Amino acid sequence: MAQGNLYFAPNIAVEHNGAPLSMAWGGGLNCPEVSAIDLDQDGLQDLFILDRSGDKPVFLLNTGTPGQAQYRPTHAYDNVFPFPLLHDWALMRDYNCDGKADIFAYTNGAFAVYRNTSDANGLSFTLADDQVGSNYVPTYSPNLYISNVDLPGIADMDGDGDMDVLTFSIWGSNYLEFHKNLSMEQYGTCDSLVYEVRSRCWGQFQESISGNSIALNFPCTDNVPNPELGLHGETGIHVAADERAHSGSTVLPLDLDGDGDMDLILGDYLSPDLMSLTNGGTLAHAQMISVDTLFPVYDQQVYFEQFLAPYQVDIDGDGIRDLVVAPNSTTGSENAHGVWYYRNTATDAAPVFHYQMNDLFQRDMLDFGEGARPVLFDHNGDGLMDLVVANEGYFQSGGTYLGRLALLENTGTAIQPSFNLVDTDYAQLSGLALGPGLHPAFGDVDGDGHPDMILGDVNGNLYFLHNTSSGPVAQFQSAPVQVNGDDGTALDVGANATPQLFDLDGDGLLDLVIGERSGNLNYYRNNGTAQVPSWHLESAALGGVNVSDYWSSTGYSVPFLYVDGDGQKICLSGSESGGIHRYDNISGNETGTWNLADSTWNDFHEGYRTALVFHDFTGDGIPDAVVGNYRGGLSFWSSDINSGINDPSRSTAANLFSLAPNPAQDQVEVCLHTAATAGMQVELIDQMGRVVRKQEVSAPVVRLSLAGVAPGAYAVRVANGMGQWVKHLAVIR
């Protein structure tokens, strides 16, 4: 899908442990809510996922065959679904019996419904009700209450064809409320959303406030008249709301035993297990008679640290719905092996679920736990740009997080990148007790010709790791040294330091630009020498950059500064809300106020806490983007071929000069294809924006020496005062 000058490129090859990752650039998953829908109307069920970790809709297109599903990520429907109105929870259900899945989505203590109005022109939705109400008997409420923490049961509970709702009561009594849809009774069709409470204690059980304990045959005295309750009368002691406060549950109604009535699978905020409840009643009168607190007791039980959510959806494409279990909490939950898949080996009417894996889809993606922030670094000096990926942490038992770096080595060519995930603990930082939220920057700050690492952490501090290698492959010292300013105090930007090394003032020395939790940028100017850096705080509000939203005090800025094809410095920054902020008017105005040109640059829809790098991986003269997000994954966005062909600067650059050889070692020839060379000069620019070679044009062929130039990716710029043209060069050793 084209988005500005970039389009989603899911087919850039990635391998891990010798096997291809089929959905590498899918963006990761943390707390997925999984539903089925035919997105492209080809008759195969695709998957819609709302990930609570960032409220990000994820679309997996089924490209398999009937009976054999195969999925690939797509961004083709980002602007079709009502984004950003989908948040907290969203489930696909066909409420009007037209065979097309509609959207039930949380909205401020209630839910909205969007009708699927797809036709031959493609997928589309129309708002059916922005806030569904219910008759609570005797009082009608304009909102059928469902908590944003809970996940309701939305299914045809009584077998009449319309879509009913099970939800835990707003009164905190730990009973399930049954909201019956009266569409069939009132209109004879299932296409309306008319609800009434028919039981305040459906199934005649009560959930414990302290875990996964269930009290069966538990009476309630405040039920509605003539309730569709259980088989027994209403006797017992009323339990008041302030005595039994409900703390969060997920509800999946399904027929587990094939007897035609609805049983339940429940998850609870305080429990690491799932519970199943067997309905011994009827469709008209539900009564739970037994409980499995370690579901499924006949197979490998589900176990998370806390708060599970079950989903019944056909994963393998055999027409029989399977079971998917994932975290329902965005904090303190498994984030790398948190999507459990149980295949249904029986029938839809009487399922038998057998465990398959604990990382469904995650194993096929680049998934780095919580948070993913890519950083450019040619770690082996082969001229092909690699990626080092920082994260906010992998979940560890007990609720702690472990920060690590990962290395994605570019094993492709200058025009066709291909990556190999060769290290998930790059530089072995996990053993240094630096905590989560690590973020590296790379550059030669001690003048030995080898790029070093400066590492930011979650506490806002920075550490220096010297590159001890004598060859092209980087090797970093095992003992990091805290970075101090020129006043002798430790550099500290508050929290979540995300540094970049970049020559901002053009003096040939790498400076530090550091993002942080508050959303601003810090500028530490290097006042030292090429061999001994000295960091002076010039500004804690560089450029006036602030990527926080007006309602929030946090922004999580992650800067990426570069020099564009016109020689202008540009700053792109990720943000907490997800929009990429683009700032210009920097060149010649480095310490002034920069211009915010766009706060949603390229219209990326990647969820919360984005970070990106911008580099021409495909060698077409137009930079590509790799975007990280809070779900822990990456997406690859490549230059649009059609707009690239029509881009005047690109076609002129292609015709004006060529480079040979490319990659180059000791020398590169800049061959000019024009006789009008007066006033032209050739510059070699590194990835930090520094001009490392400059030569006046005196002949059609300029031989540019690469002696002493470190291996890596560079830009060759030809300029004549009226225009400039850029091509990319790889320097190898």
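**View 1. Strand 34 and its two partners.** Valine 14 has phenylalanine 419 of strand 34 as its bridge partner. The model shown here and in the views below is predicted. Strand 3 (residues 14–16) runs parallel to strand 34 (residues 419–423), and three bridges join them. Strand 33 (residues 406–410) also pairs with strand 34, here in the antiparallel sense and over four bridges. In that pairing, asparagine 410 has phenylalanine 419 as its bridge partner. Strands of a sheet pair through backbone hydrogen bonds, in either the parallel or the antiparallel sense.

**View 2. The largest nonpolar core, centred on leucine 408.** This core has 39 residues. Those with the most contacts inside it are Trp25, Leu366, Phe368, Leu408, Phe419, Phe604 and Leu634. Which residues does leucine 408 touch, leaving aside its neighbours within four places in sequence? Its contacts are Val14, Leu366, Asp386, Leu387, Val389, Phe419, Asn420, Leu421 and Leu634. Another core, of 36 residues, lies apart from the one around leucine 408. Val113, Val339, Tyr341 and Phe361 are among its members.

**View 3. The open sheet of strands 39 to 42.** Four strands make up this open sheet, in the order 39-40-41-42 and with antiparallel pairing. Strand 39 (498–502) and strand 42 (535–539) are at the edges. Each has a single partner strand, so one side of each lacks a neighbour in the sheet. From one strand to the next, the twist averages 25°. Strand 39 and strand 40 (residues 511–515) run antiparallel and are joined by five bridges. One close-up detail is the register: threonine 498 has glycine 515 of strand 40 as its bridge partner.

**View 4. The largest cavity and its lining.** How many cavities of 30 Å³ or more are there? The count comes to seven. The largest cavity holds about 250 Å³ of space. Its lining has 19 residues. Val375, Leu376, Gln500, Phe560 and Val613 lie nearest the centre. Five strands are listed as giving two or more residues to this lining: strand 29 (373–376), strand 35 (439–443), strand 39, strand 43 (558–563) and strand 47 (611–615). Strand 39 is also an edge strand of the sheet in View 3. Rolling a probe the size of a water molecule over the atoms shows where empty space is left.

**View 5. Valine 137 in its loop.** Valine 137 sits in the loop between strand 13 (134–135) and strand 14 (140–141). Is this side chain's residue buried or partly exposed? Valine 137 has 22% relative accessibility, so it counts as partly exposed; the cut-off for buried is under 20%. Leaving aside neighbours within four places in sequence, valine 137 is in contact with Glu196, Val197, Arg200, Val224 and Pro225. Asparagine 223 is 86 residues away from valine 137 in sequence. In space, the two are 9.5 Å apart, C-alpha to C-alpha.

**View 6. The open sheet of strands 5 to 8.** This open sheet has four strands in the order 5-6-7-8, and the pairing is antiparallel. Strand 5 (32–37) and strand 8 (71–74) stand at the edges. Each pairs with a single partner strand, so one side of each is without a neighbour in the sheet. Neighbouring strands are turned by 30° against each other on average, direction ignored. Strand 7 (residues 56–62) and strand 8 run antiparallel, joined by four bridges. Leucine 61 has arginine 72 of strand 8 as its bridge partner.

Methods. Residues are numbered from 1 along each chain as its sequence is written. This is a predicted model: local features need pLDDT of at least 70, side-chain atom pairs count only at pLDDT 80 or more; totals for chains, interfaces and linings use all residues. Side-chain values use heavy atoms; hydrogens and water are left out. A nonpolar core is a set of buried Ala, Val, Leu, Ile, Met, Phe, Trp, Tyr and Cys residues joined through side-chain atoms within 4.5 Å. Buried means under 20% relative accessible area, exposed over 50%, partly exposed in between (1.4 Å probe, protein chains only). Contact means heavy atoms within 4.5 Å. Two strands pair if DSSP finds at least two bridges between them. Axes are lines fitted to C-alpha atoms, for helices over the stretch in contact, and angles run from 0 to 180 degrees between N-to-C directions. On a 1 Å grid over the protein atoms alone, a cavity is a set of points where a 1.4 Å probe fits but cannot get out, and a pocket is an open set with protein on both sides within 12 Å along at least five of seven lines; lining residues have an atom within 4 Å of a point. Grid points are joined across faces, edges and corners, and a volume is the space filled by probe spheres set on the points.
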